[in-house]
Amino acid sequence: MSISFVKQPQPKGVLIPSAALKICGLQEEKKLNIHAMVKAAVLVPHEMNALELLHVVERLRDLEQELCEVLLKACGKCEECSETLCPFSSEMDNFKVSPELLDAAGIPEDVRLWACPDLDAKSIHIVEAPEVDLRDIHPDLLAKLTDDGICLGELQHRLTDKAVVYGG
(Lines give C-alpha, C1' and ligand atoms only; values in the text may rest on other atoms or scores of the structure.)
Protein backbone atom coordinates (compact mmCIF):
# COMPACT_ATOMS: atom_id res chain seq x y z
CA MET A 1 0.00 0.00 0.00
CA SER A 2 1.30 3.44 -0.84
CA ILE A 3 0.95 6.65 1.13
CA SER A 4 -0.25 9.70 -0.81
CA PHE A 5 0.83 13.27 -0.22
CA VAL A 6 -1.29 15.96 -1.86
CA LYS A 7 0.83 18.86 -3.14
CA GLN A 8 -0.12 22.02 -5.01
CA PRO A 9 2.23 22.81 -7.92
CA GLN A 10 3.98 26.15 -7.41
CA PRO A 11 5.68 28.39 -9.99
CA LYS A 12 9.04 26.84 -9.07
CA GLY A 13 7.71 23.25 -9.04
CA VAL A 14 6.67 20.80 -6.35
CA LEU A 15 8.61 20.37 -3.14
CA ILE A 16 8.78 16.73 -2.06
CA PRO A 17 8.22 16.51 1.70
CA SER A 18 11.14 15.08 3.65
CA ALA A 19 8.67 12.70 5.33
CA ALA A 20 7.85 11.23 1.91
CA LEU A 21 11.53 10.77 1.12
CA LYS A 22 12.06 9.14 4.53
CA ILE A 23 9.14 6.73 4.08
CA CYS A 24 10.55 5.76 0.66
CA GLY A 25 14.07 5.34 2.00
CA LEU A 26 15.34 8.01 -0.39
CA GLN A 27 16.42 10.66 2.14
CA GLU A 28 20.09 9.57 2.06
CA GLU A 29 20.38 9.28 -1.74
CA LYS A 30 22.91 11.61 -3.39
CA LYS A 31 21.03 11.66 -6.73
CA LEU A 32 17.50 10.78 -7.73
CA ASN A 33 16.05 10.05 -11.15
CA ILE A 34 12.61 11.36 -12.02
CA HIS A 35 10.79 9.34 -14.67
CA ALA A 36 8.31 11.82 -16.11
CA MET A 37 5.30 10.39 -17.96
CA VAL A 38 1.94 11.66 -19.06
CA LYS A 39 0.04 12.44 -15.81
CA ALA A 40 2.64 10.69 -13.61
CA ALA A 41 6.19 10.96 -12.27
CA VAL A 42 8.21 8.29 -10.52
CA LEU A 43 11.15 9.13 -8.27
CA VAL A 44 13.85 6.43 -7.92
CA PRO A 45 17.47 6.28 -6.75
CA HIS A 46 19.99 7.21 -9.42
CA GLU A 47 21.85 3.95 -8.80
CA MET A 48 20.34 0.60 -7.76
CA ASN A 49 21.56 -2.97 -7.68
CA ALA A 50 19.43 -5.75 -9.22
CA LEU A 51 17.59 -6.55 -6.00
CA GLU A 52 16.79 -2.88 -5.33
CA LEU A 53 15.52 -2.49 -8.89
CA LEU A 54 13.31 -5.55 -8.51
CA HIS A 55 11.86 -4.09 -5.30
CA VAL A 56 10.96 -0.92 -7.22
CA VAL A 57 9.29 -3.02 -9.93
CA GLU A 58 7.28 -4.86 -7.25
CA ARG A 59 6.16 -1.58 -5.64
CA LEU A 60 5.12 -0.20 -9.04
CA ARG A 61 3.02 -3.33 -9.59
CA ASP A 62 1.45 -2.77 -6.17
CA LEU A 63 0.63 0.80 -7.18
CA GLU A 64 -0.83 -0.44 -10.46
CA GLN A 65 -3.13 -2.75 -8.51
CA GLU A 66 -4.14 0.04 -6.10
CA LEU A 67 -5.04 2.31 -9.02
CA CYS A 68 -6.99 -0.47 -10.76
CA GLU A 69 -8.92 -0.98 -7.51
CA VAL A 70 -9.87 2.70 -7.65
CA LEU A 71 -11.28 2.06 -11.14
CA LEU A 72 -13.12 -1.00 -9.86
CA LYS A 73 -14.75 1.08 -7.12
CA ALA A 74 -15.70 3.78 -9.64
CA CYS A 75 -17.02 1.38 -12.28
CA GLY A 76 -18.25 -1.57 -10.27
CA LYS A 77 -18.00 -5.26 -11.01
CA CYS A 78 -19.15 -6.78 -14.25
CA GLU A 79 -22.58 -8.23 -13.55
CA GLU A 80 -22.77 -10.27 -16.76
CA CYS A 81 -25.34 -7.96 -18.41
CA SER A 82 -26.86 -10.93 -20.22
CA GLU A 83 -26.05 -14.40 -21.42
CA THR A 84 -24.71 -12.97 -24.69
CA LEU A 85 -21.39 -11.36 -25.46
CA CYS A 86 -20.70 -8.11 -23.62
CA PRO A 87 -21.32 -5.24 -26.05
CA PHE A 88 -18.10 -3.62 -24.81
CA SER A 89 -15.83 -6.66 -25.22
CA SER A 90 -13.03 -6.51 -27.78
CA GLU A 91 -14.81 -9.17 -29.85
CA MET A 92 -17.41 -6.54 -30.75
CA ASP A 93 -14.80 -4.57 -32.73
CA ASN A 94 -14.36 -7.19 -35.43
CA PHE A 95 -16.89 -6.11 -38.05
CA LYS A 96 -16.89 -4.32 -41.39
CA VAL A 97 -19.42 -1.93 -42.87
CA SER A 98 -19.40 -1.21 -46.57
CA PRO A 99 -18.42 2.29 -47.70
CA GLU A 100 -21.84 2.57 -49.39
CA LEU A 101 -23.72 1.98 -46.13
CA LEU A 102 -21.49 4.42 -44.27
CA ASP A 103 -22.09 7.03 -46.96
CA ALA A 104 -25.85 6.46 -46.86
CA ALA A 105 -25.78 7.01 -43.08
CA GLY A 106 -23.61 10.13 -43.41
CA ILE A 107 -20.73 8.52 -41.50
CA PRO A 108 -17.20 9.16 -42.77
CA GLU A 109 -15.24 6.01 -43.69
CA ASP A 110 -12.32 6.79 -41.38
CA VAL A 111 -14.23 7.03 -38.06
CA ARG A 112 -14.28 4.31 -35.44
CA LEU A 113 -17.59 2.50 -35.11
CA TRP A 114 -19.46 0.68 -32.37
CA ALA A 115 -21.78 -2.25 -32.87
CA CYS A 116 -24.59 -2.00 -30.33
CA PRO A 117 -26.81 -5.09 -30.10
CA ASP A 118 -30.46 -4.51 -29.25
CA LEU A 119 -31.70 -7.82 -27.84
CA ASP A 120 -35.33 -6.70 -27.65
CA ALA A 121 -35.48 -5.70 -31.31
CA LYS A 122 -33.10 -8.48 -32.37
CA SER A 123 -31.05 -5.93 -34.27
CA ILE A 124 -27.60 -4.38 -34.30
CA HIS A 125 -27.09 -0.63 -34.44
CA ILE A 126 -23.84 0.61 -35.94
CA VAL A 127 -22.94 4.02 -34.52
CA GLU A 128 -19.99 6.35 -34.52
CA ALA A 129 -17.83 5.64 -31.48
CA PRO A 130 -17.20 8.44 -29.00
CA GLU A 131 -13.96 10.41 -29.14
CA VAL A 132 -12.42 8.16 -26.45
CA ASP A 133 -13.35 4.52 -26.10
CA LEU A 134 -12.01 1.25 -24.74
CA ARG A 135 -9.81 0.77 -27.82
CA ASP A 136 -7.67 3.64 -26.49
CA ILE A 137 -6.60 1.43 -23.56
CA HIS A 138 -3.52 -0.73 -24.16
CA PRO A 139 -4.76 -4.30 -24.86
CA ASP A 140 -2.72 -5.79 -21.97
CA LEU A 141 -4.19 -3.31 -19.50
CA LEU A 142 -7.71 -3.81 -20.87
CA ALA A 143 -7.27 -7.58 -20.45
CA LYS A 144 -6.16 -7.02 -16.83
CA LEU A 145 -9.16 -4.78 -16.14
CA THR A 146 -11.45 -7.40 -17.67
CA ASP A 147 -9.81 -10.16 -15.59
CA ASP A 148 -10.26 -7.97 -12.49
CA GLY A 149 -14.00 -7.97 -13.25
CA ILE A 150 -14.39 -4.26 -13.98
CA CYS A 151 -17.64 -3.44 -15.79
CA LEU A 152 -16.49 -2.39 -19.25
CA GLY A 153 -19.74 -0.55 -19.97
CA GLU A 154 -19.34 1.63 -16.90
CA LEU A 155 -15.63 2.10 -17.68
CA GLN A 156 -16.61 3.32 -21.15
CA HIS A 157 -19.09 5.72 -19.55
CA ARG A 158 -16.30 7.05 -17.28
CA LEU A 159 -13.99 7.51 -20.28
CA THR A 160 -16.67 9.44 -22.13
CA ASP A 161 -17.93 11.69 -19.33
CA LYS A 162 -14.38 12.46 -18.08
CA ALA A 163 -15.63 12.62 -14.46
CA VAL A 164 -13.04 12.44 -11.69
CA VAL A 165 -12.54 8.86 -10.47
CA TYR A 166 -9.35 9.39 -8.42
CA GLY A 167 -8.85 11.98 -5.73
CA GLY A 168 -10.99 15.05 -5.83
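Leucine 102 is found in helix 3, which spans residues 99-105. In this predicted model, the residue offers a convenient point of entry. With a relative accessible area of 7%, leucine 102 counts as buried, because the limit for that class is under 20%. When neighbours within four places in sequence are left aside, leucine 102 is in contact with Val97, Ile107, Pro108, Glu109 and Leu113. Its C-alpha also lies 9.5 Å from that of isoleucine 126, a residue 24 positions away in sequence.

From helix 3 the path leads on to arginine 112, which lies in the loop between helix 3 and strand 3 (113-118). Arginine 112 forms a salt bridge with aspartate 133, and the closest N and O atoms of this pair are 2.6 Å apart. Aspartate 133 belongs to the loop between strand 4 (123-128) and helix 4, so the salt bridge ties together parts that are 21 residues apart in sequence. The two partners differ in their exposure: arginine 112 is partly exposed, with a relative accessible area of 32%, whereas aspartate 133 is buried, at 1%.

Arginine 112 forms a salt bridge with aspartate 136 as well, where the closest N and O atoms are 3.0 Å apart. Aspartate 136 is placed in the loop between strand 4 and helix 4, and the pair therefore ties together parts that are 24 residues apart in sequence. Aspartate 136 is partly exposed, with a relative accessible area of 41%.

A further salt bridge joins arginine 135 to aspartate 133, with the closest N and O atoms 2.6 Å apart. Arginine 135 is partly exposed, its relative accessible area being 30%. Taken together, Arg112, Asp133, Arg135 and Asp136 are linked in a network of salt bridges. The structure as a whole holds 7 salt bridges.

The nonpolar interior comes next. The largest nonpolar core has 9 residues, namely Cys68, Cys75, Leu134, Ile137, Leu142, Leu145, Ile150, Leu152 and Leu155. Helix 2 (50-75), helix 4 (139-147) and helix 5 (152-161) are the elements that give two or more residues to this core. One of the core members is Leu142. Leucine 142 touches Leu134, Ile137 and Leu152, not counting residues up to four places away in sequence.

Helix 2 also leads to the surface, since leucine 63 is found in this helix. Leucine 63 is partly exposed, with a relative accessible area of 34%. A nonpolar patch on the surface is formed by Leu60, Leu63, Leu67 and Tyr166, which together have about 360 Å² of accessible area.

The remaining feature to be considered is a pair of strands. Strand 1, covering residues 32-37, and strand 2, covering residues 40-45, pair in the antiparallel sense over 6 bridges. Within this pairing, isoleucine 34 has leucine 43 in strand 2 as its bridge partner. The two strands form a hairpin with 2 residues between them. In the turn, lysine 39 has a positive phi of about 65 degrees.

Conventions
Residues numbered from 1 in each chain as written. Predicted model: local features only at pLDDT ≥ 70, side-chain atom pairs only at ≥ 80, totals over all residues. Heavy atoms only, no water. Core = buried A, V, L, I, M, F, W, Y, C linked by side-chain atoms within 4.5 Å. Buried < 20%, exposed > 50% of the residue type's maximum accessible area, 1.4 Å probe, protein only. Helix = DSSP H or I, 4+ residues; strand = E, 2+ residues; numbered from the N terminus. Contact = heavy atoms within 4.5 Å. Pairing = 2+ DSSP bridges. Patch = residues over 30% accessible without salt bridge, like charges linked within 9 Å, V, L, I, M, F, W, Y side chains within 5 Å. Areas by Shrake-Rupley, 256 points an atom, 1.4 Å probe, with all protein chains shown as cover. Salt bridge = Lys/Arg side-chain N within 4 Å of Asp/Glu carboxyl O.
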